[in-house]
Amino acid sequence: MGIGPAIVTALIREHQHKPIWGDVQIIGRQTVYFTPRDIIDLFAANGIDTAGVDVNSIELDQKSVNRRAKFADAALISDVALFKLFGAGKVVALDHSDYEKADIIHDLRTPLPANLHRTADLVVDGSTLDNVFTPSIVLQNYSRLLRPGGRMLTLNAFSSFSTPYVIMPPLWYVDYFVMNRYADCRVYIIVYRETGTNDVDMNVFNVDLTAVKDTGRGMGRFASPYNMVTLVFAEKDAESTDERLPIQQDYRSAEDWDVYNANVARMLRSKRPHLMCSRSEQFLTQPAPGHCYIDMNYQARP
């Protein structure tokens, strides 16, 4: 698994809005696709102070395996080093085996031990949910890891171009965080198009929570012929729960809709800016209703 530009960009945007600190729980050891110089330059370009950081002192990755071929021999930073640069305290990896020297061994398809509940201020999943048989159980365990005020960032497949075991649609994520009264939830669909010149166009869309609330059962399902992933951000608070299971919009009762819409209205009070933007002009011109194109300036276009 890996952390590339999409996750790092989102983390930087989030850090600018609300600094990343405290204890970080990485789901699986992660290959971070940045050299020490590249990450320092990226932080500096985004106004994050790295003046006191000696680039030669940044820890290099010695634990992750199965890197992308073109990075096989690169001197990449470690996953711990990335989060330390943001200002995190303890950074640990949790995995189902010691395959990549994880700090905590636990199968997230099974109940999370009580001693791991509320131990993280940030949980980062760089493609685990799409590789397990029971993603709903794993997502609940991610939530149990978080303390109130904690945040979660996940990147998972939304098309079968690669090797996902399961594929969760964007509204699957929205519904879980809405029904469990999270303070905020941002679900982005990243769409990639090969250009034929060894380059890739990238469009980003997000699930418009106002449309989710106003449209109800008529909310559109996102689809495209291109490779897609979802980047999902959520913020927990003191009133959030972990165990509530949503009902799909087509079968939701009037009583469930009342609860659902009240929780969406609460989320809509968030002032968080968009964490992702497109890297090319819009090529997917007719997305499903209720999804906004996020332009190259982080602005949503209905």
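Colleague: Is helix H3 largely enclosed by the rest of the structure or largely open, and how many of its residues are buried?
Modeller: Keep in mind that this is a predicted model. Buried here means under 20% relative accessible area, and the residues of H3 that meet this are Asp 79, Ala 81, Leu 82, Phe 83, Leu 85 and Phe 86. So H3 is largely enclosed by the rest of the structure, with the buried residues numbering 6 of the 8.

Colleague: Which residue follows H3, and what is its phi?
Modeller: Step just past the end of H3 and you land on a glycine, Gly 87. Its phi is positive, near 115°.

Colleague: How does H2 run relative to H3: roughly parallel or roughly antiparallel?
Modeller: The axes of H2 (residues 36-45) and H3 (residues 79-86) come within 12 Å and cross at roughly 25°. Angles under 35 degrees count as roughly parallel. That makes the arrangement of H2 and H3 roughly parallel.

Colleague: Is the crossing of H2 and H3 left-handed or right-handed, and how do the contact residues divide?
Modeller: H2 passes H3 in a right-handed crossing. On the H2 side you'll find Ile 39, Ile 40 and Phe 43, and these meet Leu 82, Leu 85 and Phe 86 in H3. The residues of this contact divide into no polar, no charged and 6 nonpolar.

Colleague: What about H4 and H5: is H4 oblique or roughly parallel to H5?
Modeller: The axes of H4 (residues 135-145) and H5 come within 12 Å, and they cross at roughly 45°. The cut-off for roughly parallel is under 35 degrees. That makes H4, relative to H5, oblique.

Colleague: Which residues of H5 make the contact with H4?
Modeller: H4 passes H5 in a right-handed crossing. From H4 come Pro 135, Ser 136, Leu 139, Gln 140 and Ser 143. The contact's residues divide into 5 nonpolar, 3 polar and no charged. On the H5 side, look for Trp 172, Tyr 176 and Phe 177.

Colleague: In the largest nonpolar core, which residues touch the most other members, and which helix gives the most to it?
Modeller: This core holds 49 residues, and Tyr 142 and Phe 177 touch the most other members. The helix that gives the most, with 7 residues, is H5.

Colleague: Which residues is Tyr 142 in contact with, leaving aside its neighbours within four places in sequence?
Modeller: Contact means heavy atoms within 4.5 Å. With those sequence neighbours set aside, the partners of Tyr 142 are Ile 27, Leu 108, Val 123, Asp 125, Thr 128, Leu 129, Met 152 and Thr 154.

Colleague: How many residues are in the other core?
Modeller: That core lies apart from the one with Tyr 142, and its residues include Ile 3, Ala 10, Ala 81 and Ile 294. Ala 81 is also one of the buried residues of H3. The number of residues in this other core is 42.

Colleague: Is Pro 148 buried or partly exposed, and what does it touch?
Modeller: Pro 148 is found in strand S7 (residues 146-157). Its relative accessibility is 37%, so it counts as partly exposed. Not counting residues up to four places away in sequence, Pro 148 touches Arg 118, Lys 236, Asp 237 and Ala 238.

Colleague: What separates the C-alpha atoms of Gln 16 and Lys 271?
Modeller: Gln 16 lies in helix H1 (residues 5-17), and it is partly exposed, with a relative accessible area of 41%. Along the chain, Gln 16 and Lys 271 are 255 residues apart. Their C-alpha atoms are separated by 13 Å.

How values were computed: Residues numbered from 1 in each chain as written. Predicted model: local features only at pLDDT ≥ 70, side-chain atom pairs only at ≥ 80, totals over all residues. Heavy atoms only, no water. Axes fitted to C-alpha atoms, helices over the stretch in contact; angles between N-to-C directions. Helix = DSSP H or I, 4+ residues; strand = E, 2+ residues; numbered from the N terminus. Parallel < 35°, antiparallel > 145°, perpendicular 65-115°, else oblique. Left-handed = near helix turned anticlockwise from the far one by under 90°. Nonpolar A, V, L, I, M, F, W, Y, C, P; charged D, E, K, R; others polar. Core = buried A, V, L, I, M, F, W, Y, C linked by side-chain atoms within 4.5 Å. Buried < 20%, exposed > 50% of the residue type's maximum accessible area, 1.4 Å probe, protein only.
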